[in-house]
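Please look through the structure shown below together with its sequence. The paragraphs after it go from single residues to the overall fold, and then to a pocket and a surface patch.

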Amino acid sequence: ALRGGSVEDALRSRHRPLFALLCFAAGSALLMAPPIAGLPIASYLAIAAWLFGGIALAPAIVAMLARPLTHWRAGERRGAIGWLAVHRVAGAPASTSAALAGVVAAFALASAMAIMVASFRDSVDRWLHAVLPADAYGRLSGGGANAPIDPALAARIAASPGVARVEFQRSIELSLAATRPPVVLIARPLDATQPQARLPITGALLPAPPGSLPVYISEATADLYGLAPGDHVELPLPA
């Protein structure tokens, strides 16, 4: 186990510091590439290049660290297991680095998963605060849901103890095309000059033409009906 045999010779040709340095250089160069179709493909390739470079450089790092360890353990009179481990690493750095490469790959995967989960949680949290900012929501059920809320009832709700601010909105289901799913129209107070303060707007905002009202559609509605900013939409509102 202490000698470097045929396995060590076979692995030595596959772990060259020059290849690792080329991987690091390629990864750094890829960071300057622009996104492709809005996706950071070059960044993903840069991470892969650095991962391969780290795995390829592992034998050189192991061999470099093994030399001082062998000198440090040379004068030790006890601890045979530690002495054997140090000389094993020094005598067969390439085969020892195979396990280290697995650790590097596992750590990279765990880091990627942690970053992805944290990013997803942050995105959902931001989305909830933009779409559902209130602490409590209520709705009228039955026939009252199709009619405007009574002004006296609205005043009583706003004057309830512990209520800092109340906002009312109406929602109604509309059919824009018989062959496609219906949409839900939501009417609520918005600042027409800054709708992005209350809505998760993506893309550029266009002013509504004179005599029309601005409508902000979801991405699903844009996909289903082929709508784009600037389109004119006639809504079949009930009487």
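A residue is called buried when its relative accessible area is under 20%, exposed when that area is over 50%, and partly exposed in between. The model discussed here is a predicted one. Phe-19, a residue of helix 2, which covers residues 17–30, has a relative accessibility of 45% and therefore counts as partly exposed. Along the sequence, Phe-19 is separated from Phe-52 by 33 residues, while in space their C-alpha atoms are 9.1 Å apart.

The protein as a whole has 239 residues, and 13% of them are buried. Its secondary structure consists of 7 helices and 2 strands. In sequence order the elements run α-α-α-α-α-α-β-β-α.

After helix 2 comes a loop that leads to helix 3, and Ala-37 lies in this loop. What is the phi of Ala-37, a residue that is not a glycine? The angle is positive, at about 55 degrees. As a rule, residues other than glycine mostly have a negative phi. Ala-37 has a relative accessibility of 77%, so this residue counts as exposed.

The next topic is a pocket. The second largest pocket holds about 310 Å³ of space. Which helices each supply at least two residues of its lining? They are helix 3, spanning 41–74, and helix 5, spanning 93–131. Helix 5 gives the largest share, with 7 residues. Among the lining residues are Tyr-44, Ile-47, Trp-50 and Leu-51, as well as Val-104, Phe-107, Ala-108 and Ile-115. By type, the lining of this pocket has 10 nonpolar residues, 1 polar residue and no charged ones. Ser-111 is also one of the residues that line the pocket, and serine falls in the polar class.

Some of these names return on the surface. A nonpolar patch of about 780 Å² includes Tyr-44, Ile-47 and Trp-50, and these three residues also belong to the lining of the second largest pocket. Leu-31, Ile-36, Leu-39, Ile-41 and Leu-45 are further members of the patch. Is Ile-47 buried or exposed? Ile-47, which is found in helix 3, counts as exposed because its relative accessibility is 52%, and the cut-off for that class is over 50%. Ile-47 thus has a place both in the pocket lining and in the nonpolar surface patch.

Methods
Residues are numbered from 1 along each chain as its sequence is written. This is a predicted model: local features need pLDDT of at least 70, side-chain atom pairs count only at pLDDT 80 or more; totals for chains, interfaces and linings use all residues. Side-chain values use heavy atoms; hydrogens and water are left out. On a 1 Å grid over the protein atoms alone, a cavity is a set of points where a 1.4 Å probe fits but cannot get out, and a pocket is an open set with protein on both sides within 12 Å along at least five of seven lines; lining residues have an atom within 4 Å of a point. Grid points are joined across faces, edges and corners, and a volume is the space filled by probe spheres set on the points. Helices (H or I, at least four residues) and strands (E, at least two) are DSSP runs, numbered from the N terminus. Patches are made of residues with over 30% relative accessible area and no salt bridge: like charges are joined within 9 Å, nonpolar side chains (Val, Leu, Ile, Met, Phe, Trp, Tyr) within 5 Å. Accessible areas come from the Shrake-Rupley method with a 1.4 Å probe; for residues, only the protein chains shown count as cover. A salt bridge is a side-chain nitrogen of Lys or Arg within 4 Å of a carboxyl oxygen of Asp or Glu. Buried means under 20% relative accessible area, exposed over 50%, partly exposed in between (1.4 Å probe, protein chains only).
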